[in-house]
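Trainee: I am new to this structure and would love a close look at a single part of it. Could you walk me through the hairpin and the surface around it, and then show me how that part sits within the whole?

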Amino acid sequence: MQLAWANRVVLVDPLAVGPAGLLDLLESPATAVMHAPDQDLEILRHVVGRVPCRLFDTQTAAGFCGMRSPSLSGLLDRFLALELAKGDRLSDWLRRPLRPEQLDYAAADVMHLLELHDRLQAALAARGRVAWCEEECEKLRVQQSSPRRPEDAWLRVRELRRLPRRSQPMASAVGAWRERRAARLDIPARHVLSDLALAAVTQAAPRTRAALGKVRGVDHRAVAGAPGEELLEAIREARRDPPKVPPVPGSSRRSQTQPVAALVSAWLSQVARDDEMDPALVATRADLESFLEGQPGARLAGGWRYERYGARVEELVSGKAAVALEPGGRLRLEQRSGRPL
């Protein structure tokens, strides 16, 4: 665990020192400067029971300055003209003692964060986006990583959400098997079966090991032996007693919104780049679809996203505005004339 403040860097060995000492720090009004801290926040919630009272995520801030999910090394290079030494990402961080080069690599992750914070804060102020960044960092800070039901894992896979209603119980069963298998092995779910392989297994619903081995995208090693039999049993059980699956929110309107989403997504991506914003920070394709489908809690429906982008999308889909193609291939939103060609 790396901690830094003015002119000081400290490395704490979590195998030797418990995390209780962090509680006072986390409860203080100090701002925690972190880079892409999703996993770090989840660990703090789980181990300490608290997250920082204030958060500044350098990756989020960089998104408001036009950079697309940049790495820490990319930010240091751009804003501080510093090049981080390349460490061995496959190091065994559980082995003690850690080598000096490992300690240097760990310290470098936090050594320049405060200076980077100051540079990013100035860049945000120059663009008038300090409040936007604060809003986004606060959402990141307070979001809860509550336990997820394995049966709902399929809803996070776009290829499965788009399957017809009759295939969704099987998608739920196969997705739950992958989620539980990944949890037992403590690896990402996609390392058990890729999303495309998961969709292929769902659609094929093989009955035998031989048929399972022929499904496109399935790694034979991943389903050899007991894991393959577990997956086949999950498929058989889904046939005998299909799990009850609630309708996917917005699914009844999806066929109507997909052509609109394609057009709006192209325009929105261009506007974000013109604004020197990371398009993924403005809205992903899933964010846009949920907004067009009127789903509760859609990201484009509130805050700075709605003020700058969502309201203009509403004008477009309501027919008050139109997208025009300019010479050079640029898209422009303009008032609709209503005169057909």
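Mentor: Sixteen helices and six strands, 16 and six, make up the secondary structure of this protein, and please keep in mind that the model is predicted. Along the principal axes, the C-alpha atoms fill a box of roughly 65 × 60 × 35 Å.

Now to the part you asked about. Strand S1 covers residues 2-5 and strand S2 covers residues 8-11, and the two pair in the antiparallel sense over four bridges. If you look for glutamine 2, you will find leucine 11 of S2 standing opposite. Two residues lie between S1 and S2, which together form a hairpin. In the turn of that hairpin sits asparagine 7, with a positive phi of about 60 degrees.

Stay with leucine 11 for a moment. Leu11 belongs to a nonpolar patch on the surface, together with Val9, Leu103 and Met111. Together these residues have about 300 Å² of accessible area. The patch draws at least two residues from S2 and at least two from helix H5, which spans 100-111. Methionine 111 has its place in that helix, H5. With a relative accessible area of 46%, methionine 111 counts as partly exposed, because that term applies between 20% and 50%.

It helps to set this patch beside the interior. In soluble globular proteins, nonpolar side chains tend to be buried together. Here, the largest nonpolar core has 43 residues, and those with the most contacts inside it include Phe64, Phe79, Leu116 and Val313. Helix H13 (residues 251-274) gives the most to this core, with six residues. For a closer view of the core, pick valine 313: leaving aside residues up to four places away in sequence, it touches Val264, Trp267, Leu268, Leu288, Phe291 and Leu292. There is also a second, separate core of 29 residues, with Met170, Leu198, Leu212 and Ala238 among them.

Finally, step back to the whole protein. Of its 341 residues, 39% are buried. The accessible surface comes to about 20100 Å², and carbon and sulfur atoms account for 53% of that. Among contacts between residues at least 6 apart in sequence, 59% join residues at least 24 apart. So if you return to the hairpin, start from glutamine 2 opposite leucine 11, then follow Leu11 to its patch partners Val9, Leu103 and Met111.

How values were computed
Residues are numbered from 1 along each chain as its sequence is written. This is a predicted model: local features need pLDDT of at least 70, side-chain atom pairs count only at pLDDT 80 or more; totals for chains, interfaces and linings use all residues. Side-chain values use heavy atoms; hydrogens and water are left out. A nonpolar core is a set of buried Ala, Val, Leu, Ile, Met, Phe, Trp, Tyr and Cys residues joined through side-chain atoms within 4.5 Å. Buried means under 20% relative accessible area, exposed over 50%, partly exposed in between (1.4 Å probe, protein chains only). Contact means heavy atoms within 4.5 Å. Two strands pair if DSSP finds at least two bridges between them. Patches are made of residues with over 30% relative accessible area and no salt bridge: like charges are joined within 9 Å, nonpolar side chains (Val, Leu, Ile, Met, Phe, Trp, Tyr) within 5 Å. Accessible areas come from the Shrake-Rupley method with a 1.4 Å probe; for residues, only the protein chains shown count as cover. A salt bridge is a side-chain nitrogen of Lys or Arg within 4 Å of a carboxyl oxygen of Asp or Glu.
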